[in-house]
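Student: I'd like to take a close look at a single part of this model. Could you pick one residue, walk me through its surroundings, and then place it in the wider picture?

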Amino acid sequence: MKNRILSVALFAALLSCGGMSFAQTPDDDTEYLMEIGPATGVSFYMGDANDRLYRDSRFMGGIVARYRFNPRLALKADLTAAGIAGSTTNMSDRTFPEEINFSRTIYDFGVQVEGNFLAYGTTTYNDCHRLVPYYLLGIGMTFAPEPAENDFAACFPIGIGVKYKLARRLNLSLEWTMRFSTSDRLDVTGHTGQDPYMIKSGFMKNRDSYGFTMLMLTYDIFAKPCDCN
């Protein structure tokens, strides 16, 4: 599991470096349409087999890309691989007699709208700031393979973060999200794909969720055309 996640993170870093190699060095007021780079951090699961944030945390890694509509609004896409795990052993409110333990890797693809609370950037106009908090919400897809049968589900990420301009074209972001899935089978313990507790679930009732705390390093690409004379 760890090797697969590390492979995704390494692939993301190589893609990011490839994008940097084609970059040119224009003047300070140049704006860019996109940014791309690797992401890494920790992931955790919330559901029938865990009732506490960050319990049984695992490693996650991937790649992110942002398209900037303007200094306050962006569209982000991310592709990540993350470990999740859970156990009823130390739960504060254990209502099931059978002890449940599981660990698996999930793959997440999501698209989110990001809203900056302040204009973000280093340009000399638009009252831009190098350090900016932001919020995000979106939609995505969760894929959970072994140990059970393949499980595909929609997920709905919501979160907050902060981004900082390290240099003219280099961005550092720290982000926390909860991703609410439509699956109740992320915590399966066998090869059948069966929900271990057999609890009746509605569309979003009694569904599994997971969280990411993610550090992203991105590089600006595609200079915005300038119509100025």
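**A close look at glutamine 112**

Tutor: Happy to! Let's start with glutamine 112, which is found in strand β4, a strand covering residues 101-116. Keep in mind as we go that this is a predicted model. Is glutamine 112 buried or exposed? Its relative accessibility is 0%, so glutamine 112 counts as buried.

What does the side chain of glutamine 112 make a polar contact with? The partner is the side chain of aspartate 78, at 3.2 Å. Aspartate 78 also appears among the residues that glutamine 112 touches once those up to four places away in sequence are set aside. That list includes Ala74, Leu75 and Lys76, then Leu136, Leu137 and Gly138, and finally Pro157 and Arg179.

Now the setting. The chain has one helix and eight strands, and along the sequence they follow the pattern α-β-β-β-β-β-β-β-β. Among contacts between residues at least 6 apart in sequence, 69% join residues at least 24 apart. Of the chain's 229 residues, 43% count as buried, and glutamine 112 counts as buried too. As for the surface, the chain exposes about 11600 Å², with carbon and sulfur atoms supplying 64% of that area.

Aromatic rings are a good next stop. There are seven aromatic pairs when ring centres within 6.5 Å are counted. One of them joins tyrosine 67 and phenylalanine 69 in an edge-to-face arrangement, with 5.3 Å from centre to centre and 75° between the planes. The angle is over 60 degrees, which is why this pair counts as edge-to-face. Tyrosine 67 is partly exposed, at 35% relative accessibility, and phenylalanine 69 is partly exposed as well, with a relative accessible area of 46%. Elsewhere, Tyr107, Phe143 and Phe152 form one aromatic cluster.

Rings also have a charged neighbour in this model. Lysine 163 lies over the face of tyrosine 120, 5.4 Å from the ring centre. The charged end of lysine 163 also sits over the ring of tyrosine 134, at 4.6 Å from its centre.

Last, the cysteines. How many disulfides does a search of the whole structure find? The search finds zero disulfides. Cysteine 128 counts as buried, because its relative accessibility of 17% is under the 20% limit. Cysteine 155 is buried as well, with a relative accessible area of 0%.

Notes
Residues numbered from 1 in each chain as written. Predicted model: local features only at pLDDT ≥ 70, side-chain atom pairs only at ≥ 80, totals over all residues. Heavy atoms only, no water. Phe/Tyr/Trp six-rings, centres within 6.5 Å; stacked < 30°, edge-to-face > 60°. Buried < 20%, exposed > 50% of the residue type's maximum accessible area, 1.4 Å probe, protein only. Lys NZ or Arg CZ within 6 Å of the ring centre and 35° of its normal. Disulfide = S-S within 2.5 Å. Helix = DSSP H or I, 4+ residues; strand = E, 2+ residues; numbered from the N terminus. Contact = heavy atoms within 4.5 Å. Areas by Shrake-Rupley, 256 points an atom, 1.4 Å probe, with all protein chains shown as cover. Polar contact = N/O pair within 3.5 Å; in protein donor to acceptor, adjacent residues only side chain to side chain.
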